[in-house]
Amino acid sequence: MRLFAVRGFTRTTTAEIAKAAGMSPRTFFRHFPSKHDLIEQPYRLLLSAVASGARACPTDEPIIRSVVAVWPRCLASLLGPDVLEHDGRAGIRSLLALRNNDAEVSAMMWAITDEFRSDLATLTSARLRTDPVTDPRPSVAAGAASALLHDVTLWWSTSPGVSLPDAVRLMGARSRTS
C-alpha cells in the first residue's frame with residue numbers, strides 16, 4: 001500500500017513490491033498472479049466474510065445491524081487484531097486514497113462492492129420474504145449497509161484513539177437517529 005500510495009498503482013512494479021516485501025518476484029507470483037490480486041483478493045475475501053457473517057445473524061435482525069455487528073470481527077480477522085489498531089489505520093487510509101486516485105483500482109473495488117451489495121440485497125430479500133425485483137427495500141437496505149461500512153471505516157481510519165468497535169457503535173447509533 002505504501003508503494004502504491006507513493007508511486008501510484010500503475011507505476012508500481014511487481015518487482016518493487018516483491019523487493020519491499022523481502023521476497024523474489026518469483027515468490028511473489030506464487031502467491032499473487034498479479035499486483036491487482038494484492039488488492040482484489042483481500043477486499044473480496046473481506047466482503048465475502050461480512051456477507052457470510054451477516055447470514056449467520058438472526059433472520060429477524062435488520063441487515064444493516066447484522067453487517068455492522070460482524071464488520072470489526074471480519075476486519076480484525078483479515079488484518080490481525082494488532083495490525084488493526086496500529087498499522088491498520090494507515091493501510092486503510094492508503095487503500096481508500098488509492099481507490100479515490102486510481103481509476104483502475106477504483107473500478108475493481110466498486111465492482112466487488114456492487115457484488116457485495118447484491119449479495120446483501122438477496123439476503124435481505126430472503127429475510128423479508130419479498131421479491132427483490134418488485135420490492136426496492138432489500139436494495140436500499142443493502143446500499144445503506146455498504147455505505148455505513150465505508151463511512152465507519154473512513155472515520156475510524158482518520159480518528160486516532162477511537163477503536164473500531166467504538167467507531168462502529170457510534171456510527172451505528174448515528175444511522176438509527178438519522
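Hi everyone, this is a short tour of one pocket, one leucine and a few aromatic rings.

A word on the model first: it is predicted, with local features needing pLDDT of at least 70 and side-chain atom pairs counting only at pLDDT 80 or more, while totals for chains, interfaces and linings use all residues. Residues are numbered from 1 along each chain as its sequence is written, and side-chain values use heavy atoms, with hydrogens and water left out.

Let's start with the pocket. The largest one has a volume of about 1200 Å³. By pocket I mean, on a 1 Å grid over the protein atoms alone, an open set of points where a 1.4 Å probe fits, with protein on both sides within 12 Å along at least five of seven lines; lining residues have an atom within 4 Å of a point. The volume is the space filled by probe spheres set on the points, which are joined across faces, edges and corners. There are 42 lining residues, and Met1, Leu38, Leu79, Gly91 and Leu95 are the closest to the centre.

Which helix gives the largest share of that lining? That is α7, with nine residues; helices here are DSSP runs of H or I, at least four residues, numbered from the N terminus. By class, the lining has 29 nonpolar, nine polar and four charged residues. Nonpolar covers Ala, Val, Leu, Ile, Met, Phe, Trp, Tyr, Cys and Pro, charged covers Asp, Glu, Lys and Arg, and the others, Gly among them, are polar.

Now over to helix α4, where we find leucine 47. Leucine 47 has a relative accessible area of 6%, so it is buried (under 20%, with exposed over 50% and partly exposed in between, using a 1.4 Å probe and protein chains only). Beyond its neighbours within four places in sequence, leucine 47 contacts Trp71, Ile112, Thr113 and Phe116, contact being heavy atoms within 4.5 Å. Leucine 47 and phenylalanine 116 are 69 residues apart along the chain, yet their C-alpha atoms are separated by 6.3 Å.

Finally, the rings. The whole structure has two aromatic pairs, meaning ring centres within 6.5 Å for Phe, Tyr and Trp (its six-membered ring), with planes under 30 degrees apart stacked, over 60 edge-to-face and the rest tilted. Phenylalanine 28 and phenylalanine 29 have ring centres 5.3 Å apart and planes at 80°, so they are edge-to-face. Phenylalanine 28 and phenylalanine 32 have centres 5.7 Å apart and planes at 35°, so that pair is tilted. Phe28, Phe29 and Phe32 form one aromatic cluster. Within it, phenylalanine 28 is buried at 2%, whereas phenylalanine 29 is partly exposed at 41%.

Key:
Helices (H or I, at least four residues) and strands (E, at least two) are DSSP runs, numbered from the N terminus.
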